[in-house]
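Here is a set of questions and answers to work through with the model open beside you. Try each question before you read on.

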Amino acid sequence: MDEIYIAISMDCERGRIFTHPNASGPEDFVASEGYVRAYFDLAGAYGFPVSFFLHPEVAEEQSELFLDLESKGGCLGLHLHPWKFGDRKYQAHLGGLSEEDQRAVISEAAALWQRSIGRRPEYFRPGTFSANDATFRVLVDLGFRGGSISAPGRVYEDLNSIWTGAVKDPHRANPIFRQRRGTLDFANIPLTHDYSTLENKNGRLFHRDLRPDYEDADYHKIASNIVEQIMEREPEIPMITMVTHNDHDYTDPNDRVRKNYDIVLEEISSACERAGLRTVGTTIDKICDMILGTPVAEDQFVHA
C-alpha cells in the first residue's frame, strides 16, 4: 500500500429560512455560492477535487454554479432529507420511511434534480446517513450506481441512522442487509472515521470524522489514527472520505470552521506523508467506477 485516495465532499442544503432555524444549511443561496467556491478552491490547492451532494432545491437554484464546478473537476450527486423536501409530506428521515415511500420521495427528488442539472443523478447521499435495509435496493432500481450512504459505528436512533458493525471501506452494497458487503451494482463509500473512541452526545453514539465543524477536535490525532487504521485494515481501495455542509463562511480566514478546514486539509496530507503514502485526490464517481469494475467475490453471493 503506497497510495491513498482522498475524497473531499460537501452536502449542499437549501437555506435554513426554508426549513428550520436549527437545521443545517446556509442563510441563503447568495451566501452559499461564496462558501462553496471557497471550499472547492481550498481543497484544490492540495490537489483534492470535491464531490457535491445537492439537495434538489439547491440543484434547481444553483445549477450554473455546480455545473461550472463540475467542469473544473468536481462531481455532482443527489442529497436528500425527506422532511425538508418539497411540500414536506414525508415527515421522516430516509431510514424511517417504508420501501414504497423511499422510492417515491427519491424519485420525486431525482426528477427535480434532473430538470435542473440536465441529467439524472447517479450518486446519492441521504441526510444524516439515514437508511434502512430497503435503501440500497431502491437506489439500484432508480438507476443510481453509487454514493456515500453509511457512517460506520453511528447510532442515531432518533434519525434512523444505525450503522453498528458496518463495513468501513468502499464496497458493493448488500440487497438485504445494509451493514454487509454484497453483490449489488451499487458502490457504497462510507464516511471515514477514527475508530479509537466511541463518543456519546445526548444519547447519540458516533466516532469522530474529519468534518471541520467540531469545536474541540484534535485533527492531528484524528487524521493520524485514521491513516494508521486504514493501513492496518489494508482495504482493496484505501481512501479517506470527509464531509461538511455549505453553512460556514470558507471565504473568511478568521471563521472558526474555515480555520479548522485549513487544518484538516493539512493534517490529511501530513498524516499520509508520515506514513509514506502518496495522496491521490478523487471524486465519488471515480471510486464507484473502481468498485463496480471489480468482479464480485464468490463469498459475497447470497445463498438461500
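Q: Which residues have the most contacts inside the largest nonpolar core?
A: This is a predicted model. Its largest nonpolar core has 76 residues. Nonpolar side chains tend to be buried together in soluble globular proteins. The residues with the most contacts inside this core are I8, F52, L54, F66, I106, L210 and I240.

Q: Which helix gives the most to this core?
A: Look for the element that supplies 8 residues to the core. That element is helix 1.

Q: How many residues are in the other core, the one with I284 and I287?
A: This core lies apart from the largest one. Among its members are I284, I287, I291 and L292. Its residue count is 15.

Q: Which residues of helix 7 does I8 touch?
A: Contact here means heavy atoms within 4.5 Å. Leaving out residues up to four places away in sequence, the partners of I8 include Y39, A43, F48 and M242. Helix 7 covers residues 256–274. The partners of I8 that fall in this range are Y261, L265 and I268.

Q: How many residues of strand 1 are buried?
A: Strand 1 spans residues 3–12, which makes 10 residues. The strand is mostly covered. The number buried is 9.

Q: Which strand joins strand 1 over 5 bridges?
A: Strand 13 pairs with strand 1 in the parallel sense over 4 bridges. Strand 12 also runs parallel to strand 1, with 4 bridges. The parallel partner with 5 bridges is strand 2.

Q: Which residue of strand 12 stands opposite I8?
A: Strand 1 has a bridge partner for I6 in strand 13, namely G281. D11 stands opposite F53 in strand 2. In strand 12, the residue opposite I8 is M242.

Q: What is the expected span of helix 7?
A: Helix 7 has 19 residues. The rule is 1.5 Å times one less than the number of residues. The helix reaches 27 Å from its first C-alpha to its last, close to the expected value of 27 Å.

Q: Which strands help cover the buried residues of helix 7?
A: Buried residues of helix 7 include V257, Y261, V264, L265 and I268. Their cover includes helix 1 and helix 6. It also includes strand 1, strand 12 and strand 13.

Q: Which residue has a side-chain oxygen within 3.0 Å of the backbone nitrogen of V257?
A: Go to the start of helix 7. The oxygen there belongs to D255.

Q: Which residue just after helix 7 takes a positive phi?
A: The angle is about 75°. The residue is G276.

Terms used: Residues numbered from 1 in each chain as written. Predicted model: local features only at pLDDT ≥ 70, side-chain atom pairs only at ≥ 80, totals over all residues. Heavy atoms only, no water. Buried < 20%, exposed > 50% of the residue type's maximum accessible area, 1.4 Å probe, protein only. Helix = DSSP H or I, 4+ residues; strand = E, 2+ residues; numbered from the N terminus. Pairing = 2+ DSSP bridges. Polar contact = N/O pair within 3.5 Å; in protein donor to acceptor, adjacent residues only side chain to side chain. Core = buried A, V, L, I, M, F, W, Y, C linked by side-chain atoms within 4.5 Å.
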